[in-house]
Amino acid sequence: MTAVLALDIGGTKLAAGVVTPDGAVHGMVVEPTRRDEGPRVILPRLFALGRRAIAASGIAEPMAAVGISCGGPLDADAGILTGPLHLPGWIDIPIVRLAEEEYGLPAALENDASLAALAEQRHGAARGARSMMYLTISTGIGGGAVFGGALYRGAAGNGGEFGHITVVRGGRACLCGRAGCLEAYASGTSIGVRADELLATGGMTSTLVAPVTAQQVSAAALEGDPVAVAIWDETVELLGQAVTDLVNILEPEVVVLGGGVTRSGAQLLDPVRRIVHAGAMGPAGAAVRVELAGLGDAVCVVGAGELALDLSR
């Protein structure tokens with residue numbers, strides 16, 4: 001049985017697991033990134049985490065390859081993390097070379113949201129679709145796409161940054177340096193910050209107390225809290241309009257929504273679906289399905305595993 005090691009480098013957590021061709025993850029282990037420690041400290045912990053995952057998997061066969069998932073910007077062809085936004089100080093890190101030296105195996109690197117798209121297309125909510133898009137709605141908003149059954153990477157390898165399309169002209173500042181991006185309105189971080197700002201105006205009664213999280217906003221919105229309802233309604237409206245634009249432009253079979261904010265389930269999915277099907281052009285709207293991700297917190301590990309399995313074939 002072919003098995004590969006998958007590593008996922010997030011701003012909040014590191015994850016590692018052994019992935020087999022059926023998309024199953026064995027021995028998955030997770031620990032906090034503690035990103036303030038910097039790459040000199042974090043990388044040895046990441047590689048040790050990978051060895052723990054191999055031991056925990058119970059798979060005796062040697063690993064065939066290593067797949068690495070990380071947010072961008074990155075240069076997948078060169079195997080270098082050029083400056084991931086969620087990892088301050090990680091400039092020009094030759095992560096593929098370091099992994100190959102550590103494990104004595106071939107390794108490959110890809111954008112985490114792109115790998116999540118690949119995982120969902122092969123084993124999740126878009127399984128078997130020839131064209132699909134994935135949006136991860138979490139601390140930030142990333143994305144990836146599969147067209148013609150193949151991962152879409154873009155000219156420089158960072159294609160699919162759906163979180164950085166403009167939804168409010170001249171709107172809120174975004175970490176990318178632009179203003180009015182979807183990420184600046186619909187990410188988990190933004191939901192909390194916008195709620196704090198609305199609370200600070202004192203214009204509405206609310207049970208919320210700053211600092212507020214996206215999870216607290218979604219829960220309070222279900223209870224009818226005025227501040228939470230205002231923030232949540234704006235969030236799903238802008239997300240729905242952004243997905244509608246993407247559907248009109250690219251006409252995919254499936255749009256998959258994942259990430260921590262989507263743990264709100266139907267509270268987010270139902271209005272976004274309604275907006276897309278009401279606003280998309282006829283053929284595109286009729287053809288598309290909008291679904292929640294099926295692979296949960298393991299999605300990037302599965303994707304990194306698929307990358308490594310492709311490398312080993």
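This short presentation walks through one strand, one helix and two single residues of the structure shown above.

Good morning. Please keep in mind throughout that we are looking at a predicted model.

I begin with strand β4, which covers residues 66-70. How many of its residues are buried? The count is 5 of 5, and the strand is thus described as mostly covered. Its side chains alternate in direction: Val 66, Ile 68 and Cys 70 point one way, while Gly 67 and Ser 69 point the other way. Residues on both sides are buried.

Strand β4 has partners in β1 and β5. With β1, residues 4-9, strand β4 runs parallel, and 5 bridges join the two. Within that pairing, Ala 6 stands opposite Gly 67 of β4. Strand β5, residues 107-111, is likewise joined to β4 by 5 bridges, and these two strands also run parallel. Here Ile 68 has Leu 109 in β5 as its bridge partner. To pass from β4 to β5, the chain goes through helix α2, residues 95-103, and this β-α-β crossover is right-handed.

I turn next to helix α8, residues 266-279. With 14 residues at 1.5 Å a residue, the helix should span 20 Å; its end C-alpha atoms lie 19 Å apart, so the two values agree. Which residues of α8 are buried? They are Gln 267, Leu 268, Leu 269, Pro 271, Val 272, Ile 275 and Val 276. These buried residues pack against two helices, α6 (214-222) and α7 (226-250), and two strands, β9 (254-258) and β10 (289-292).

Finally, I would like to set two single residues side by side. Pro 211 is located in the loop between α5 (188-201) and α6, whereas Gln 121 belongs to helix α3, residues 112-123.

Is Pro 211 buried or exposed? Its relative accessibility is 68%, and Pro 211 therefore counts as exposed. Beyond its neighbours within four places in sequence, Pro 211 is in contact with Asp 196 and Gln 216. Its C-alpha atom is also 7.7 Å from that of Val 193, a residue 18 positions away along the chain.

Gln 121, by contrast, counts as buried because its relative accessibility is 9%, below the 20% limit for that term. What does the side chain of Gln 121 reach at 2.9 Å? It reaches the backbone oxygen of Ala 129. Residues up to four places away in sequence aside, Gln 121 touches Ala 126, Arg 127, Gly 128, Ala 129, Met 132, Val 146 and Gly 149.

Thank you for your attention.

Definitions and conventions: Residues numbered from 1 in each chain as written. Predicted model: local features only at pLDDT ≥ 70, side-chain atom pairs only at ≥ 80, totals over all residues. Heavy atoms only, no water. Buried < 20%, exposed > 50% of the residue type's maximum accessible area, 1.4 Å probe, protein only. Helix = DSSP H or I, 4+ residues; strand = E, 2+ residues; numbered from the N terminus. Pairing = 2+ DSSP bridges. Right-handed = clockwise from strand over helix to strand, strands pointing away. Expected span 1.5 Å × (residues − 1). Contact = heavy atoms within 4.5 Å. Polar contact = N/O pair within 3.5 Å; in protein donor to acceptor, adjacent residues only side chain to side chain.
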